[in-house]
Structure formats: structure tokens, C-alpha cells
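Biologist: Could you walk me through this one before we look at any details?
Modeller: Gladly, here it is.

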Amino acid sequence: MRKVMLVGIAGMFGAILRTAIGQWMGEGSHFPIATFTVNMLATWLLCFFAAGVLQKIIHNQQIIDAVTVGFLGAFSTFSALSMETVLLVESGRIVLAILYVGFSLVGGIMIGLFGFYCGRKLVAA
């Protein structure tokens, strides 16, 4: 039960931060830059942490789950990416939709590899 509460509390903070970034960056632009940015940042952080960084500094698995599943899970938003892609397609901006999905997938993999590389370097140091 404690794990569920920790993940929920961390998720609340992740969702609040995601919403604040969306408002700050302005979600009404032609390209969904806020969702793209939080997804790239969350991917980098998750891969950075998955490289062993969190296990090195935090020895409590419930806290690690709260950070990764709760905070980063609520911070990143695949459902928003999907919905925004559908809205781009619906509005006839097919090329922008393809670019959005392409940059999100390729960019996510690239930034994830970079985050994992940075995490491995930090853990090895």
C-alpha cells in the first residue's frame, strides 16, 4: 500500500510539472512542442536513471518506483502525443503529423541512448 501511495504522490507532482510546462510553452502552437519537450526530457531521465544512477544513490525500491513509474510516468505523455497526432491528421496537416511522430520516435531513441550513456558514465565514475 505504501508503494501505491508513493507512486500516486510522485505522479501528482509529475502531472503538475507537465501541465506547468505545457502552459509555459503554450500548447496552442502549430507543433505540439510542449508534449514533445516533456517526452524527450522524460525519456532522457528514465534512461539516465535506468543506467543504474537511481540504484546507486537510492536503495529503496519503493522510492525508485515512485520516481520512475509515478513522477516520470505522469510527466511524460504518450496519450497526448497520440491525440495531438490525430488532431494534426484531422486538420489536414499530415506532413506535420508524420514529422511529429518521426521526431518523437527517433528523437526519443536517440535521447534515450544519450541518457543511458550519461548514466553509465556517472555510475562508472
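## Talking through the model

Modeller: Let me begin with one residue, Q55, which counts as partly exposed because its relative accessibility is 40%; bear in mind throughout that this is a predicted model.

Biologist: OK, where does Q55 sit, and which residues does Q55 touch?

Modeller: Q55 belongs to helix α2, and, leaving aside residues up to four places away in sequence, Q55 touches F49 and I64.

Biologist: And how far is Q55 from I111 in space?

Modeller: From C-alpha to C-alpha, Q55 and I111 are 21 Å apart in space, with their positions 56 residues apart in sequence.

Biologist: Let's step back then, what is the secondary structure of the chain?

Modeller: The protein chain has five helices and zero strands, so that, read from the N terminus on, its elements run α-α-α-α-α. The C-alpha trace spans about 50 × 30 × 20 Å along its principal axes.

Biologist: What share of the residues is buried, and what does the accessible surface come to?

Modeller: Of the 125 residues in the protein chain, 34% are buried, while the accessible surface comes to about 7,500 Å², with 77% of that belonging to carbon and sulfur atoms.

Biologist: How much of the contact set joins residues 24 or more positions apart?

Modeller: Counting contacts with a separation of 6 or more, 75% of them are between residues 24 or more positions apart.

Biologist: Back to α2 for a moment, at what angle do α2 and α3 pack?

Modeller: Helix α2, residues 33-57, and helix α3, residues 61-75, pack at an angle of about 170°, and their axes are 10 Å apart. Since angles over 145 degrees count as roughly antiparallel, α2 and α3 are therefore roughly antiparallel to each other.

Biologist: Which residues make that contact?

Modeller: On the α2 side the contact is made by V38, L41, A42, L45, L46, F49, L54 and Q55, and on the α3 side by I64, V67, T68, L72 and F75. Q55, the partly exposed residue we began with, is thus one of the α2 residues in this contact.

Biologist: Switching to charges, how many salt bridges are there?

Modeller: The count comes to one salt bridge, in which the side chains of K3 and D65 meet at 3.1 Å, N to O. Because K3 lies in helix α1 and D65 in helix α3, the pair ties together parts that are 62 residues apart in sequence.

Biologist: Are those two partners buried or exposed?

Modeller: D65 is buried, with a relative accessible area of 13%, whereas K3 is partly exposed, with a relative accessible area of 40%.

Biologist: Staying with the surface, which residues form a nonpolar patch?

Modeller: The nonpolar patch on the surface is formed by M1, V4, M5, I9, M12, F13 and I16, which together have about 760 Å² of accessible area. One of them, M5, is found in helix α1, residues 2-25, and M5 is partly exposed, with a relative accessible area of 47%.

Biologist: Last thing, what about L113, buried or exposed?

Modeller: L113, which lies in helix α5, residues 94-124, counts as exposed because its relative accessibility is 54%, and the cut-off for exposed is over 50%.

Biologist: How far is L113 from C47?

Modeller: L113 and C47 are 7.2 Å apart in space, C-alpha to C-alpha, although they are 66 residues apart in sequence.

Definitions and conventions: Residues numbered from 1 in each chain as written. Predicted model: local features only at pLDDT ≥ 70, side-chain atom pairs only at ≥ 80, totals over all residues. Heavy atoms only, no water. Patch = residues over 30% accessible without salt bridge, like charges linked within 9 Å, V, L, I, M, F, W, Y side chains within 5 Å. Areas by Shrake-Rupley, 256 points an atom, 1.4 Å probe, with all protein chains shown as cover. Salt bridge = Lys/Arg side-chain N within 4 Å of Asp/Glu carboxyl O. Helix = DSSP H or I, 4+ residues; strand = E, 2+ residues; numbered from the N terminus. Buried < 20%, exposed > 50% of the residue type's maximum accessible area, 1.4 Å probe, protein only. Axes fitted to C-alpha atoms, helices over the stretch in contact; angles between N-to-C directions. Parallel < 35°, antiparallel > 145°, perpendicular 65-115°, else oblique. Contact = heavy atoms within 4.5 Å.
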